[in-house]
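Me: I have a structure open on my screen and would like to learn how to read it. Could you take me through some features, starting with charged pairs?

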Amino acid sequence: MSGPVSKPVTTTTARLLAPSRWRWWEIALWVAIWATPMLLGQHAALINEIAILALFALSLDMILGYAGIVSLGHAAFFGIGAYGAALFAKHVMPDPLVGLAVGAALGALLGLLTSPMIVRGTDLTRLMVTMGVALVLLELANKFDGLTGGADGLQGVVMGPLIVPLVGRFEFDLGARVASIYSLTVLFAAFLLLRRIVHSPLGYSLQALRDNRLRVMAVGLSVPGRLAAVYTLAAALAGAAGALLAQTTGFASLDVFDFHRSADVMLALVIGGAGWLWGGLVGAIAFKVMHDVISSFTAQYWTFWIGLFLVLLMLVGRDRLFRPLSWFKRGGGR
């Protein structure tokens with residue numbers, strides 16, 4: 001009896017584990033990503049910005065794409081991570097890894113403190129609360145200019161060398177090559193962590209919660225607990241992204257709390273696709289490359305062209321956008 005029974009069980013197990021296995025194209029993409037700082041060293045600063053935005057987008061994707069929590073104030077965690085890492089480097093110690101941990105911890109703490117207001121509200125309430133938290137922190141950073149530098153920004157942030165055990169000691173250079181590799185390493189570590197989470201029981205329960213909260217409650221799972229946990233995790237990753245920005249640029253300003261930070265990462269996620277870890281990476285690459293290319297031609301109206309691209313994306317659809325012949329066929333070109 002064991003033979004006929006074990007075969008369906010084995011088949012079901014393999015089917016459940018299939019999404020968590022690495023595919024060849026994922027490995028190829030990561031190899032290509034790691035090769036960019038070496039092959040495109042003259043664009044290392046842009047690569048660094050893309051890596052930071054991608055990490056920021058991954059954090060937003062965890063709450064929006066997987067848990068269904070809408071947010072227009074995700075810059076609050078990004079900003080507190082940036083200022084936390086910058087102040088730590090300036091007044092305590094300039095070690096980048098410790099400063100990164102401080103930025104992530106501050107983001108997680110803020111996420112934990114604000115999570116009760118998020119898990120109990122509706123989508124409209126969450127939009128207002130998240131945006132309000134970011135605006136409050138922006139005003140506080142402006143008022144306490146003796147600590148934050150106010151409108152002039154926090155200057156004089158000097159980072160120490162990046163010391164990697166068994167590898168070596170790396171100084172941050174003006175060409176941003178070390179900074180880009182550092183940011184890509186943190187991004188890759190975060191991607192591995194989130195990939196493990198989304199294919200775990202917690203990740204599947206979050207997706208079930210996003211689709212139907214009542215059914216999740218009916219089977220006895222704690223909805224507030226899961227929402228608070230993923231919100232805190234996303235806040236920690238956003239804080240780490242902000243810390244990376246402050247460390248690799250040596251500067252933190254009120255701009256890190258500004259609404260455009262939350263809007264830009266939302267646009268990147270819209271371009272790449274929510275509820276898909278690669279969506280944050282693809283969206284960050286597309287958004288930053290379009291920004292860099294378009295602004296080189298028209299620095300004043302680059303937002304118009306990105307907006308036009310988003311309108312086209314919404315009208316045509318992400319799957320059909322790069323297949324123009326399917327636009328004029330019925331049934332999506334099938």
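Reply: Happily! A salt bridge is a side-chain nitrogen of Lys or Arg within 4 Å of a carboxyl oxygen of Asp or Glu. Side chains of opposite charge can pair when their charged atoms come close. Before we go on, note that this is a predicted model: local features need pLDDT of at least 70, side-chain atom pairs count only at pLDDT 80 or more, and totals for chains, interfaces and linings use all residues. Residues are numbered from 1 along each chain as its sequence is written, and side-chain values use heavy atoms, with hydrogens and water left out.

Me: How many salt bridges does a search of the whole structure find?

Reply: The search finds five. One of them joins Lys288 to Glu49, with the closest N and O atoms 3.5 Å apart.

Me: Which helices hold Lys288 and Glu49?

Reply: Helices (H or I, at least four residues) are DSSP runs, numbered from the N terminus. Lys288 sits in helix H13 (residues 277-297) and Glu49 in helix H3 (residues 44-64), so their salt bridge ties together parts that are 239 residues apart in sequence.

Me: Is Lys288 buried or exposed?

Reply: Here we look at relative accessible area: buried means under 20%, exposed over 50%, and partly exposed in between (1.4 Å probe, protein chains only). Lys288 has 16%, so Lys288 is buried. Its partner Glu49 has 37% and is therefore partly exposed.

Me: What other pairs can I look up?

Reply: Try Arg169 and Glu171, whose side chains meet in a salt bridge at 3.8 Å, N to O. Arg169 is exposed because its relative accessible area is 56%, while Glu171, at 47%, is partly exposed. Another pair is Asp255 and Arg261, with an N to O distance of 2.6 Å. Asp255 is partly exposed, at 30%.

Me: How do I read the surroundings of a single residue, say Ser183?

Reply: Find its element, then its accessibility, then its contacts. Ser183 lies in helix H8 (residues 177-198). With a relative accessible area of 1%, Ser183 is buried. A contact means heavy atoms within 4.5 Å. Leaving out residues up to four places away in sequence, Ser183 touches Asn48, Ala51, Ile52, Leu244 and Thr248.

Me: Now for empty spaces. How many cavities of 30 Å³ or more are there?

Reply: On a 1 Å grid over the protein atoms alone, a cavity is a set of points where a 1.4 Å probe fits but cannot get out; lining residues have an atom within 4 Å of a point. Grid points are joined across faces, edges and corners, and a volume is the space filled by probe spheres set on the points. By this rule there are two cavities of 30 Å³ or more. The largest has a volume of about 40 Å³, and its lining residues include Leu72, Met131, Phe257 and Asp258.

Me: Which helix gives the largest share of that lining?

Reply: H6 does, with three residues. By class, the lining has six nonpolar, two polar and one charged residues. Here Ala, Val, Leu, Ile, Met, Phe, Trp, Tyr, Cys and Pro count as nonpolar, Asp, Glu, Lys and Arg as charged, and the others, Gly among them, as polar.

Me: And what about the second largest cavity?

Reply: That one holds about 30 Å³ of space. Among its lining residues are Phe77, Thr114, Val133 and Tyr231. H6 gives the most to this lining, again three residues. The classes here are five nonpolar, three polar and no charged.

Key
Helices (H or I, at least four residues) and strands (E, at least two) are DSSP runs, numbered from the N terminus. On a 1 Å grid over the protein atoms alone, a cavity is a set of points where a 1.4 Å probe fits but cannot get out, and a pocket is an open set with protein on both sides within 12 Å along at least five of seven lines; lining residues have an atom within 4 Å of a point.
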